[in-house]
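Dear colleague,

I am passing on a structure to you with this email, and I would be glad if you could keep it open while you read the notes that follow it.

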Amino acid sequence: MKILHVVGARPNFMKTAPIMAEMSHYPDHFQQVLVHTGQHYDDNMSKIFLEDLEMPSPDKYLNVGSGTHTEQTARIMVAFEPVVLRYRPDWVMVVGDVNSTLACALVCAKIGVKIAHIEAGLRSRDHSMPEEINRLLTDHIADLLFTPSKDASANLLREGISPSRIHFVGNVMIDTLIKMLPKALNRKIVATMGLKYKKYVLVTLHRPSNVDDPDTLKEIFEALKRISKLMPVIFPVHPRTRQNVEGLKLLSLNSRVKLTQPLGYLDFLALMHSARLVLTDSGGIQEETTYLGVPCLTVRPSTERPITIEAGTNRLVASKGVEIIGAIQDIMTRCKKNTSRPELWDGLAAKRIIQIMMAL
Ligand code: UD1
């Protein structure tokens, strides 16, 4: 069976890696091709992840780069179509909810190549998020839908998708976390940055709704400055956010809010594991903190991953200074909460996917 895997943006690598590794155990069954769209292209947004996650170099790099959503999606489609026609895979596997996911799925749907969507069924019900559009459309044109949680399967059923296409397999990103955690814990980054175990706050923000509006970004930074008087704040900055932070001159040189370049997978996992709490607007980090049992504040009005709230680690917070400060103080002063890990977040999701593919 010929499988073509698509990666494009930073959160894709940790989802595709365990599937490729598992398939490589069955060389008589699977012939694999890896295509990188080039949606993310900086070394610290892409190359470092391929290295950290021990992935093979892509067979094809489409070099699409940045642009408006329409430009980027259209460019990926135009560049991807001849690649699929050349390789003629039996299945194309797309992961997550970025523009590369939808663009490549759409190409396959139009030329009759089968699509498997990994991390299917997540819904925030907020159509102003480009990722929600990507998730909805990809799920409705995919032939096989692998879900990370039962609520995701229920969302798909509610939308009229046939149960025969839906498989609850667990969370592939947690497969990667479990595999890589021992290696991450050997990293020296926490000590090198002068940080102490459970004595710092880790921040990541890149959603347009938080970082593209100057007033919102200023308000969040004022809150971070206040918090940094209690504990150091470490903030690896996404390129989108950096442009705005620099433009607005939000920090003085001696600030206790430390900005760094975006980090690779292992260093970031090490920092997340030892943080007192994480403030983020990422999707994946809500899940990783849930597995690690680290308190997470998600600066968004909704989440497509409600299971992380049910697990007791995650809480939504508005992008308002008082709310962020209040929520952080609340976590810092309360006793450790009882938290749980969602069903099938056990390191075996890729194995389940491969068993299902082999039985096709
Ligand atoms: C994308 C995904 C988002 C995901 C995020 C993870 C979509 C719709 N969004 O958002 O779901 O959470 O990736 O990072 O697919 N840039 C660089 N170097 C790079 C990549 C981007 O400098 O390697 C800059 C460019 O100025 C670009 C901007 O970052 O315009 C945004 O990049 P883009 O890929 O459009 O979206 P993200 O915000 O990264």
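Across the interface of domain 1 and domain 2, four salt bridges are found by the rule, and please keep in mind throughout that this is a predicted model. The domains themselves divide the chain in such a way that domain 1 takes residues 2-171 together with 345-359, while domain 2 takes residues 181-333. Their C-alpha centres lie 27 Å apart, and the contact between them draws on 24 residues from domain 1 and 21 residues from domain 2.

The size of an interface is often given as the accessible area lost when the parts come together. For domain 1 and domain 2 the area buried between them is about 1,900 Å², and carbon and sulfur atoms give 55% of it. On the domain 1 side, the residues that lose the most area to domain 2 are Asn44, Asp52 and Trp345, which together make up 29% of what that side buries. You may also like to look at Glu304 and Arg135, whose side chains meet in a salt bridge with an N to O distance of 3.7 Å.

Turning to the sheet, you will find seven strands that form an open sheet with parallel pairing, and their order is S3-S2-S1-S4-S5-S6-S7. Strand S3 (60-61) and strand S7 (166-168) stand at the edges and have a single partner strand each, so one side of each is left without a neighbour in the sheet. Strand S7 runs parallel to strand S6 (residues 144-147), to which three bridges join it, and Ile166 in S7 is the bridge partner of Leu145. Helix H16 (residues 349-358) packs on the sheet, where it touches S1, S4, S5, S6 and S7, and its direction makes about 160 degrees with that of S6. Another helix, H4 (residues 99-111), lies across strand S1 (2-7), strand S4 (91-95) and strand S5 (114-118), and runs at about 160 degrees to S4.

Finally, is Val294, which has a relative accessible area of 1%, buried or exposed? Because the value of 1% is under 20%, Val294 counts as buried. Val294 lies in the loop between helix H13 (284-292) and strand S12 (296-298). Leaving aside residues up to four places away in sequence, Val294 touches Lys198, Met272, His273, Ala275, Arg276, Leu277, Val278, Thr289 and Thr313. Ser209, by comparison, is 85 residues apart from Val294 in sequence and 25 Å apart from Val294 in space, taken from C-alpha to C-alpha.

With best wishes

Terms used:
Residues numbered from 1 in each chain as written. Predicted model: local features only at pLDDT ≥ 70, side-chain atom pairs only at ≥ 80, totals over all residues. Heavy atoms only, no water. Pairing = 2+ DSSP bridges. Helix = DSSP H or I, 4+ residues; strand = E, 2+ residues; numbered from the N terminus. Contact = heavy atoms within 4.5 Å. Axes fitted to C-alpha atoms, helices over the stretch in contact; angles between N-to-C directions. Buried < 20%, exposed > 50% of the residue type's maximum accessible area, 1.4 Å probe, protein only. Domains from an automatic or database assignment. Buried area = accessible area lost by both parts, 1.4 Å probe.
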